[in-house]
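Hi everyone, thanks for making time for this. I'd like to walk you through a structure and pick out a few spots that I enjoyed looking at. Please have it open in front of you as I talk.

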Amino acid sequence: MEVDRRAMECAVDAQSLISISLMKIHNSRTQRGGIKLHKNLLVSYVLRNARQVYIKEKYAEIYRMQQYEEVMAVCNEIQELDPLDLGAEDGDEEEQGRAACCGEESRPAGSREPEQPYYRSCCMEAPPGSPCDQFAPNGGGGGGSHCNKTTVLDLDTHVVTTVENGFLHQDCCCAAPQCAPGAAARKRKVDSGGCAPDAEEPSDFTAARKRLKREDCSNPDCNPDYTDTSNISNLISIFGSGFSGLLSRQADLEQVCSKQALASLGAWTRAIVAF
Amino acid sequence: MNSANHKIRTSNLSRPGGDMQWCFSQVKGAIDDDVAEADIISTVEFNHTGELLATGDKGGRVVIFQQEIDNKNVPQFRSEYNVYSTFQSHEPEFDYLKSLEIEEKINKIRWLPQKNAAQFLLSTNDKTIKLWKISERDKRPEGYNLKEEDGRYRDPNTITALRVPVLIPMDLMVEASPRRVFANAHTYHINSISVNSDNETYLSADDLRVNLWNLEITDRSFNIVDIKPANMEELTEVITAAEFHPHQCNTFVYSSSKGTIRLCDMRVSALCDKHSKLFEEPENPSNRSFFSEIISSISDVKFSHNGRYMMTRDYLSVKIWDLNMESRPVETYQVHEYLRSKLCSLYENDCIFDKFECCWNGNDSVVMTGSYNNFFRMFDRGHRRDATLEASRENSKPLQVLKPRKVCTGGKRKKDEISVDSLDFNKKILHTAWHPQDNIIAVATTNNLYIFQDKVN
């Protein structure tokens, strides 16, 4: 079931809940009496819920930023525009839209209208001929009409990459954006503090590699504390796999891209699978 | 058994026009504020007559209290219990294969119905169940002519007469001896044991499996429920409690971390993975939060004595289910709804994972469960009344009537009310028990056992 941010009863943000939950799982490995399966399962539910909210908020952020940039771009174009050139421009925009899907970053999504084609519930079929049809989401996984803009940390190579695709879950744009504009994403090497990548755990997911969706916090306005995110990525790299059952539970409600993000994040509860 | 002793005394439960009234009777345990971890009480259980009261603690010990026989028929003092037997039930163990320590904490105690002079109970930790025999010895044989004064055996050639020893009275000695050890049947942590009404079998449940045992046979058990998925990464729920029906020996229930209860009939098939009934209440979407899954996890399930209802406890409420209606509970009681806005802090300090138990009174008219700040709650089903009482040393003068407590949820705090922010979440009452035939209750705080009885006019 979707987690409605508005129904949250306390002011704790999703990110700190994620940190707290990861610490609980981490600590449970050394607790007397062995790992408590029940407690860790419940903690992973909190993780999943916090993650949903976190993703929604970040997408809302990105959407708002894109809208802003798009509005600015349109304003600029209007100023430069010759009314007789409209036909040529449509083609340009479409190309820009496609380019956005190809992984370039921080481009306006293209169309002058509100981003309807790009923000559609993943439960719906992608419209035929949508620019995103031809582009498989990260890591494959079939049915590639669902995409999003993701910033990913590859746990094996420790490289952060930003890939921009087109569709987002409709609910993401419904949530009122509350965060400061998100940071610009760029490719860079991340020092995860010496934690070994999870080389031994075979990937069970269709994604070729485990990936962590991670927000680049170089923007000083960004809410999350950088120490927290580096702690999170450190902890996440410790764990190898997780409860994909939690994902299948939501498969009929959520987008595939989010599922993939969560699939990679399932790394957090490896300890439980150690039985 | 003399039926006069088993009259259910509920006439004092609710005074006309007034509330239920409870009096302090006794408190057992150290007065220290500094609680030794081993002394933390982990389970409380009356036997079938209520004459014996057993507690288990984190240190693996079992302490049994016995109702004082002389006072049983004196109403004001009938709830005097004294130590009867103490023994070390479980020791810490180490699983070398998994490099795991196995805690000695007693998770559950269940009494067997009495068949002869001795008493039997089952006690379990995370991995091993033990059947203990508690027997009395009040005579000893005397008059053997086989030994010297110093205890050495005499040379048989010097013995010329046959002397039959005589049994002479001695001070009562209560001995506990382990009669059966049921081990190596659970990969995960045992959370429940339940004796069947057939008095031959019992079940034990861990996070993923329920096993059926014969009380006589320790090297074999039958697995009757297995919810372990083929791929552990697909795990979505665990078993949290299980219990046999009080009268139907083929029926048992198990609750899950998802807030569902499954009723199974062992006659249907050997493996009861497929339930006969599924009890589930749809979630209220307006209550959705980060912690919805945690607070809907059921921590205890108990059949009513008459076998028509069952009660479940989740983090914030107690629900009564009619076994004939699976769609929703027939009654829901809020234990401490004011905590709903505090779930975040309760998650941080781990209190949200506390597993509260619940219990019925003898005639199923009142249910009881614990809360924080050493409060415990009673819900009178018939009169639609509830009470909040406190187990504390301050209210522990003999026969002192317990004053109802009230938690202030907002706005102006009245005198004698306590605000939510002042509650002590380290003082929790997880385990309570109700005498099967009388209004005597046992309430366990962290390391003390309080005994209360209803007020006698």
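I'll begin with chain A as a whole and then visit some places in chain B. One thing to keep in mind is that this is a predicted model.

So, chain A. It has 275 residues, and 54% of them are buried. Its secondary structure consists of 8 helices and 4 strands. If you follow the sequence from start to end, you meet them in the order α-α-α-β-β-α-β-β-α-α-α-α. Now take the contacts in chain A between residues at least 6 apart in sequence: 77% of these join residues at least 24 apart. As for the outside, the accessible surface of chain A is about 12100 Å², and carbon and sulfur atoms account for 53% of that.

Let's move to chain B and look at a hairpin. Strand β12 of chain B covers residues 192–195, and it runs antiparallel to strand β13 of chain B, residues 201–205, with 4 bridges joining the two. If you want one pair to find on screen, B:V195 is opposite B:Y202 in β13(B). Between the strands there are 5 residues, and in this hairpin B:N199 has a positive phi near 60°.

Which way do the side chains of β12 in chain B point? B:S192 and B:S194 go one way, B:I193 and B:V195 go the other, and all of them are buried. That fits a general rule: in a regular strand, side chains alternate between the two faces of the sheet.

Next, charges. Over all chains, the whole structure has 36 salt bridges. Here is one that I like: B:E103 with A:R32, where the closest N and O atoms are 4.0 Å apart. B:E103 sits in the loop between β7 and β8 of chain B, and A:R32 in the loop between α1 and α2 of chain A, so this pair joins two chains. B:E103 is buried, with a relative accessible area of 8%, whereas A:R32 is partly exposed at 36%.

Another salt bridge links B:K414 and B:E417, with 3.8 Å between the closest N and O atoms. Is each partner buried or exposed? B:K414 is exposed at 55% relative accessibility, while B:E417 is buried at 11%. And going back to the two-chain pair, salt bridges with shared partners connect A:R32, A:K36, B:E101, B:E103 and B:E104 into one network.

A third salt bridge joins the side chains of B:D138 and B:K139, at 3.5 Å from N to O. Here B:D138 is partly exposed at 37%, and B:K139 is partly exposed at 42%.

Now for a lysine without a salt bridge. B:K130 belongs to strand β10 of chain B, residues 129–142. B:K130 is buried, and the nearest side chain of opposite charge, B:E93, is 5.9 Å away. A salt bridge needs the atoms within 4 Å, so that distance is too long to count. What does the side chain of B:K130 reach instead? The backbone oxygen of B:S89, at 2.8 Å. Leaving out residues up to four places away in sequence, B:K130 touches several others, including B:H90, B:L121 and B:R180.

My last stop is B:S99, in the loop between β6 and β7 of chain B. B:S99 is exposed, with a relative accessible area of 53%. B:D70 is 29 residues away along the chain, and the C-alpha atoms of the two are separated by 51 Å.

That's my tour, and thanks for listening!

Note on methods:
Residues are numbered from 1 along each chain as its sequence is written. Chains are lettered from A and ligands numbered from 1 in the order in which they are written. This is a predicted model: local features need pLDDT of at least 70, side-chain atom pairs count only at pLDDT 80 or more; totals for chains, interfaces and linings use all residues. Side-chain values use heavy atoms; hydrogens and water are left out. Buried means under 20% relative accessible area, exposed over 50%, partly exposed in between (1.4 Å probe, protein chains only). Two strands pair if DSSP finds at least two bridges between them. Lys and Arg count as positive and Asp and Glu as negative; His and the chain ends are not counted. A polar contact is a pair of N or O atoms within 3.5 Å; within protein, one must be able to donate a hydrogen and the other to accept it, and residues adjacent in sequence count only if both atoms are side-chain atoms. Contact means heavy atoms within 4.5 Å. Accessible areas come from the Shrake-Rupley method with a 1.4 Å probe; for residues, only the protein chains shown count as cover.
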